[in-house]
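This briefing goes through one protein model, topic by topic. Keep the sequence and the structure in view while reading.

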Amino acid sequence: MSDTATQPASNLSAQELQRLTNLRNIGIMAHIDAGKTTVTERILYITGRTHNIGEVHDGAATMDYMEDERNRGITITSAATQCEWNDVTINLIDTPGHVDFTVEVERSLRVLDGAVAVFDGVAGVEAQSETVWRQADRYGVPRICFINKLDRIGADFDRAFGTILTRLGANAVRMQLPMGIEKDFMGLVDLITMKAYKFTEGDGPGIEELPSIPDEYSELAEERRMEMIEKIVEIDDELVEKFLEGEDFTVEELKMATRKSAVSGHAVPVFCGSALHDKGVHPLLDAIVDYLPTPLDLGAIKGTDPKSDNAEVERPSDSDGPLAALAFKTISDPNGDLTFIRIYSGTINRGDAVYNPRTRKKERIGRLMFMHADKREAVDTVRAGNICAVVGLKDIITGDTICAQDAQVVLESMDFPEPVIAMAIEPKSTGDRDKLGDLLGKLSREDPSLRVFTDQETDETVIAGMGELHLEIVCTRINRDYKIPINVGEPRVAYRQTITRDVDIEGKQVKQSGGSGQFAIVNVKFAPEDELSDACIFEDTTKGGVVPLQYIPAVNKGINEAMRSGGRLGFAYVGIHANLHFGKSHDVDSSELAFNLAGQRAFREALDNNFTILEPVMKLTVQVPEENLGDVIGDLNTRRVAIEEMTMDGAIREVNGKVPIAEMFNYSSTLRGLTSGRGSFSMEPAGYEATPTYVQEKIVKDMTAGK
């Protein structure tokens, strides 16, 4: 990402330049219960988008419109809306905080220009905070931070700020100094303008300027301001020189430097408040406008041209340019499926024909609309830079590009994590089998982290997802919303397998008696690969044409088919390197099929008693009262938890470590029992690790016994 806008504005009309300059596409992201949705609700109320404040704890949040969201008080799907502040249009997406729905954050961040990271003023950076922060890093999304809930007991702005520095490694910059804390949190000092504000109640602006900074905060405010200036001027050599010479800065110079630092990712401005009581949300809105990027700031979107050997092409933000848009979400709807898209270039009109390079088909735009959670505002035209929903696209899936057929482009898609939990599912009535199959197809199209497949041995339909809650909500929707009664099996872990040691195998497919023959011999060296890819890392080092060139892809295909089959245990293989170094063929009896089967045989023989079972491991954070710590630690030790750190915050102990997800089924009820409901925990994926020998032996025994 560049330090400044990389897109030349000279080609744009004055009207188009003004429109794009006054546009922000942002997301609100955080750990569960940090207050994302409450921040969003306050923003909507303050900007006049809603006339009532929807409270999460009352089940009335505007953005949590699904029944499960309101019942549980959590965000499950990312919801989009649009509001206005100081003549700036803000497209805003409220994302989930629960790890089971991390795919919603992933696909939202892919199309956003900036984000507000919300942190709990008591807990600071939490497990899922780290996950969403890394997701934002991956997509290069500029951020500002909002430390929320500073009026709660135990809140500490500086401590929460410190966790952003230490746990996230961010170059965080305090832009405000809170005045008071906990129940005495009554205002803040703006370190750029050096003005103090107190919070007010009622229908007014919620904040009121004081004549001067109170004496007890003036010295600390000066100190914090110098720290802030030192960090934000680093982006500009002239400002650094001015700082070293001890000169003063104007407010505009500091705002410009802060914006430049934030947009470039050099620094992360940090703000504070309490959204529930409308403290600090007005300054946060100003910061969104002042410091988060416009579509122009991030420059032209890059893609590839499918008609020119995938040569790189650019599409600047310009409504008059060729169409380039990315589909980032689909929702099944009785009135026509909704597809959420971000338009990077060009204009879409109702009734337009658009092109999908993946399917190589044209489709027609039925209706266009701006979304406000589950409410829709129909429009006829949507221009570059905006996020909208489309009805009428039948074959679009998440990650597809929509473009003009005469100016084709494929934009970077999205990668989604592998499922870690699976369960069998069947309709209670055999008459509902086809309906259930169709519905699961729709649900998996909506949710790329939900996988549906048939167990080849038992012929059961299996759904796999990101956690117990994820699958529980899928099943609830099938039962309640779609009126298909179902039976579900026990959750089971999505194990993987890999090869234990290097081995050189000769695979044969020789059949030369009666009818057409088959002849293929391959010599393949198999070895573990550090990258746990579900596709084989295939290498051909044969010489002299011992395996004819046209048959080599068939060997690779056969090995990959055997990897996906999972062998006798049924767990897909990952992290395997295959080197085809020798082989034999027959002028008449060799074929692609023969070499495919020879590759499969070589793989199966290589992995026979030469495999390790890998299990998904989670990063675990448990917060418990001091008096319950011993019982909780004792229970965690029975769950194979590797405790890495224990910290103390008042009377609350925090335990951090790693745990196999197989050991965490129904843990929430256990923790409630051990702590009389006062304990809490969170998890985030931490990859796959080899199972201990005794665990692997038990898994193999259970699987071979048909359990």
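The points below cover the overall make-up, the cores, a small sheet, the cavities and two single residues.

The model is predicted. Its chain has 707 residues, of which 55% count as buried. The secondary structure comes to 17 helices and 38 strands.

**Overall make-up**

- Take the contacts in the chain with a separation of 6 or more: residues 24 or more positions apart account for 72% of these.

**Nonpolar cores**

- The largest nonpolar core holds 67 residues.
- Which residues have the most contacts inside the largest core? They are Ile 463, Ile 478, Phe 526, Phe 603 and Val 622.
- Helix H14, covering residues 592-607, gives the most to this core, with seven residues.
- A second core, separate from the largest one, has 56 residues. Val 132, Val 270, Cys 403 and Phe 416 are among them.
- Ile 463, one of the residues with the most contacts in the largest core, can be looked at singly. Not counting residues up to four places away in sequence, Ile 463 touches several residues, including Ile 421, Ala 422, Met 423 and Ile 425.
- Leu 440, Leu 450, Arg 451 and Val 452 are also among the residues that Ile 463 touches, as are Leu 471, Val 474 and Cys 475.

**A sheet of three strands**

- Strands of a sheet are paired by backbone hydrogen bonds, in a parallel or an antiparallel way.
- One open sheet in this model has three strands in the order E13-E12-E24, and the pairing is antiparallel.
- Strand E13 (311-315) and strand E24 (410-411) are the edge strands, each pairing on one side only.
- Strand E12, residues 301-305, is joined to E13 by five bridges.
- Across this pair, Lys 302 stands opposite Glu 314 in E13.
- E12 and E13 form a hairpin, with five residues between them. In the turn, Asp 309 has a positive phi of about 55°.

**Cavities**

- How many cavities of 30 Å³ or more does the structure hold? There are three.
- The volume of the largest cavity is about 70 Å³.
- The largest cavity is lined by 13 residues, and the closest to its centre are Ala 80, Thr 81, Asn 91, Met 371 and Ile 387.
- At least two lining residues come from each of strand E2 (79-85), strand E3 (88-94), strand E19 (367-372) and strand E22 (387-391).
- By class, this lining has 10 nonpolar residues, three polar residues and no charged residues.

**Thr 691**

- Thr 691 sits in the loop between strand E38 (680-690) and helix H17 (693-704).
- Is Thr 691 buried or exposed? Thr 691 has a relative accessible area of 8%, so it counts as buried, the cut-off being under 20%.
- Apart from neighbours within four places in sequence, Thr 691 is in contact with Tyr 495, Ile 613, Leu 614, Glu 615, Gln 696 and Ile 699.

**Pro 427**

- Pro 427 belongs to strand E25, residues 421-427.
- Pro 427 counts as buried because its relative accessibility is 8%, and buried means under 20%.
- Leaving out neighbours within four places in sequence, the contacts of Pro 427 are Asp 432, Arg 433, Leu 436, Pro 485 and Ile 486.
- Pro 427 and Asn 487 are 60 residues apart along the chain, and their C-alpha atoms are separated by 6.1 Å.

How values were computed
Residues numbered from 1 in each chain as written. Predicted model: local features only at pLDDT ≥ 70, side-chain atom pairs only at ≥ 80, totals over all residues. Heavy atoms only, no water. Core = buried A, V, L, I, M, F, W, Y, C linked by side-chain atoms within 4.5 Å. Buried < 20%, exposed > 50% of the residue type's maximum accessible area, 1.4 Å probe, protein only. Helix = DSSP H or I, 4+ residues; strand = E, 2+ residues; numbered from the N terminus. Contact = heavy atoms within 4.5 Å. Pairing = 2+ DSSP bridges. 1 Å grid on protein atoms, 1.4 Å probe; cavity = no way out; pocket = protein on both sides within 12 Å on 5 of 7 lines; lining within 4 Å. Points joined across faces, edges and corners; volume = space filled by probe spheres on them. Nonpolar A, V, L, I, M, F, W, Y, C, P; charged D, E, K, R; others polar.
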